[in-house]
Amino acid sequence: SASSQNLTIQTTDGSLNITGGSGSDTVEYTSTTTLSGTLSSIETIQVDSGVTLSAGGSKIDGQTVSGAGTLKITDHGDGDIDVSHISTTQALDVDITDSAATLSGVAINVDASGSNKNLTFKTTDGSLNITGGSGSDTV
């Protein structure tokens with residue numbers, strides 16, 4: 001909450017509404033969950049090894065996400081999703097089925113094979129592996 005200390009909050013509950021303080025606060029997910037709560041003023045979302053964090057694109061748009069786990073973006077089309085601060089060691093799992101989306105700043109491998117909408121992946125790294133889904137995808 002209103003702390004100026006750097007805090008790490010470990011949780012298994014994606015429905016929590018967490019507000020960070022003025023320090024460099026991190027929310028660390030320690031088991032597979034879906035992010036349905038609100039994260040305000042959180043500097044980093046960490047996904048532990050063996051853990052999958054599922055989240056709508058609007059929940060992680062512009063967020064810094066790291067760790068050895070998997071981030072799965074679900075159901076957020078109709079616009080741009082800034083994924084430039086995502087550095088999970090597992091490929092970014094994209095499963096968008098509601099409407100078209102553009103993922104900007106792609107810097108890690110992407111598996112969008114579960115998506116059925118038109119996706120655009122914007123990246124400057126030609127060495128990435130990007131697997132599209134059943135829509136008309138563009139890199």
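Trainee: In what order do the three strands of the open sheet stand, and is the pairing parallel or antiparallel?
Mentor: This is a predicted model, in which local features need pLDDT of at least 70, side-chain atom pairs count only at pLDDT 80 or more, and totals for chains, interfaces and linings use all residues. Residues are numbered from 1 along each chain as its sequence is written, and side-chain values use heavy atoms, without hydrogens or water. Strands are DSSP runs (E, at least two residues) numbered from the N terminus, and two of them pair if DSSP finds at least two bridges between them. The pairing in this open sheet is parallel, and the order is β10-β12-β14.

Trainee: Why is one side of β10 and of β14 left without a neighbour in the sheet?
Mentor: β10 (79-82) pairs with β12 (residues 101-104) over four bridges in the parallel sense, and Asp82 has Ser104 of β12 as its bridge partner. One side of β10 and of β14 (119-122) is free because both stand at the edges, each with a single partner strand.

Trainee: Which residues have the most contacts inside the largest nonpolar core?
Mentor: Such a core joins buried (under 20% relative accessible area, 1.4 Å probe, protein chains only) Ala, Val, Leu, Ile, Met, Phe, Trp, Tyr and Cys residues through side-chain atoms within 4.5 Å. The largest has 30 residues, and those with the most contacts inside it are Val83, Leu92 and Leu103.

Trainee: Which strand of the chain has the lowest confidence?
Mentor: The chain has a mean pLDDT (the predictor's confidence in each residue, from 0 to 100) of 86. Confidence is highest in β15 (residues 130-131), at 94, and lowest, at a mean of 76, in strand β2 (residues 18-19).

Conventions: Buried < 20%, exposed > 50% of the residue type's maximum accessible area, 1.4 Å probe, protein only.
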